[in-house]
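User: Hi! I have a structure to go through and would like to know the reasoning behind the labels you use. Could you take me through it?

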Amino acid sequence: MEAKPCVASLTVKNSHVLPPDTNSHGTLFGGRLMAHIDDVAAIAARRHARKPVVTASTDSVDFLAPVKEGDTICLEAFVTWTHKTSMEVFIKAVTEDLNTGERKVCTTAFVTMVAIGPDNRPVTVPPVYPESEEEKFLHEKAPKRAELRKQRRNNSKEMAQTFGTRFPWNEHTRYEA
């Protein structure tokens with residue numbers, strides 16, 4: 001497979017933050033922002049792989065600045081690194097006050113997407129290469145982030161095994177169903 005530049009997967013999404021998108025504080029629901037993040041990550045990954053994709057993981061999402069009702073939210077995403085079947089996608093979200101023009105980064109995130117074939121099994125993706133300084137910065141540190149994700153996934157599997165499928169809130173159902 002021929003390698004592609006990071007910029008080939010660039011995806012930009014703008015949305016106006018309306019009342020149904022906000023909580024009782026008049027700011028964007030965190031879950032709504034996470035849905036936007038997953039959406040642009042999937043588009044960028046599919047653009048890179050030219051195959052359907054699924055979300056494998058989302059790194060921590062820190063809310064750095066509130067996104068207020070009436071503001072816009074602009075998300076930029078691109079593939080920063082690839083493994084055999086997976087792609088790391090970097091997402092930056094910027095909020096803009098349309099009255100003043102003030103812009104703030106409200107979050108950054110990394111999402112890992114996996115390309116799948118017609119049988120819903122993972123398939124190989126093309127390599128990616130960085131060109132800009134920012135892309136190089138993200139690309140160089142990606143293997144370390146991938147190792148941390150692997151460790152976190154193993155910890156999650158251990159927790160799932162430890163806690164199982166019991167219903168802990170009901171003493172009569174504290175057994176495997």
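Analyst: Happy to. Keep in mind that this is a predicted model. A good place to start is Asp59, which forms a salt bridge with Arg149.

User: What makes Asp59 and Arg149 a salt bridge?

Analyst: The closest N and O atoms of Asp59 and Arg149 are 2.8 Å apart. The cut-off is 4 Å between a side-chain nitrogen of Lys or Arg and a carboxyl oxygen of Asp or Glu, so the pair qualifies. Asp59 sits in the loop between E3 and E4 while Arg149 belongs to helix H2, and 90 residues separate them. Both Asp59 and Arg149 are buried. In total, the structure holds 10 salt bridges.

User: How do you know that Arg149 and Glu88 tie together distant parts of the sequence?

Analyst: Arg149 also forms a salt bridge with Glu88, with the closest N and O atoms 2.7 Å apart. Arg149 lies in helix H2 and Glu88 in strand E5, so this pair ties together parts 61 residues apart in sequence. Through shared partners, salt bridges join Asp59, Glu88, Arg145, Arg149 and Arg152 into one network. Like Arg149, Glu88 is buried.

User: Why is Lys92 called partly exposed?

Analyst: Lys92 has 27% relative accessibility. Buried means under 20% and exposed means over 50%, so Lys92 falls in between and counts as partly exposed. Glu76, at 24%, counts as partly exposed by that reasoning too. The side chains of Lys92 and Glu76 meet in a salt bridge at 3.6 Å, N to O. Lys92 is in strand E5 and Glu76 in strand E4, 16 residues apart.

User: How do you know that E4 and E5 are paired strands?

Analyst: Two strands pair if there are at least two bridges between them. Strand E4 (residues 72-82) and strand E5 (residues 86-96) are joined by 10 bridges, so they pair, and they run antiparallel. As one example, Val79 has Val89 in E5 as its bridge partner.

User: What makes E2 and E3 edge strands?

Analyst: The open sheet has 5 strands in the order E2-E4-E5-E6-E3, with antiparallel pairing. Strand E2 (11-16) and strand E3 (53-58) each have a single partner strand, so one side of each is left without a neighbour in the sheet. From one strand to the next, the twist averages 30 degrees.

User: Which strands does helix H1 lie across?

Analyst: Helix H1 (residues 30-49) lies across E2, E3, E4, E5 and strand E6 (103-115), at about 40 degrees to E4. Helix H2 (residues 133-163) packs on the sheet as well, touching E3, E4, E5 and E6, and its direction makes about 80 degrees with that of E4.

Technical notes
Residues numbered from 1 in each chain as written. Predicted model: local features only at pLDDT ≥ 70, side-chain atom pairs only at ≥ 80, totals over all residues. Heavy atoms only, no water. Helix = DSSP H or I, 4+ residues; strand = E, 2+ residues; numbered from the N terminus. Axes fitted to C-alpha atoms, helices over the stretch in contact; angles between N-to-C directions. Contact = heavy atoms within 4.5 Å. Buried < 20%, exposed > 50% of the residue type's maximum accessible area, 1.4 Å probe, protein only.
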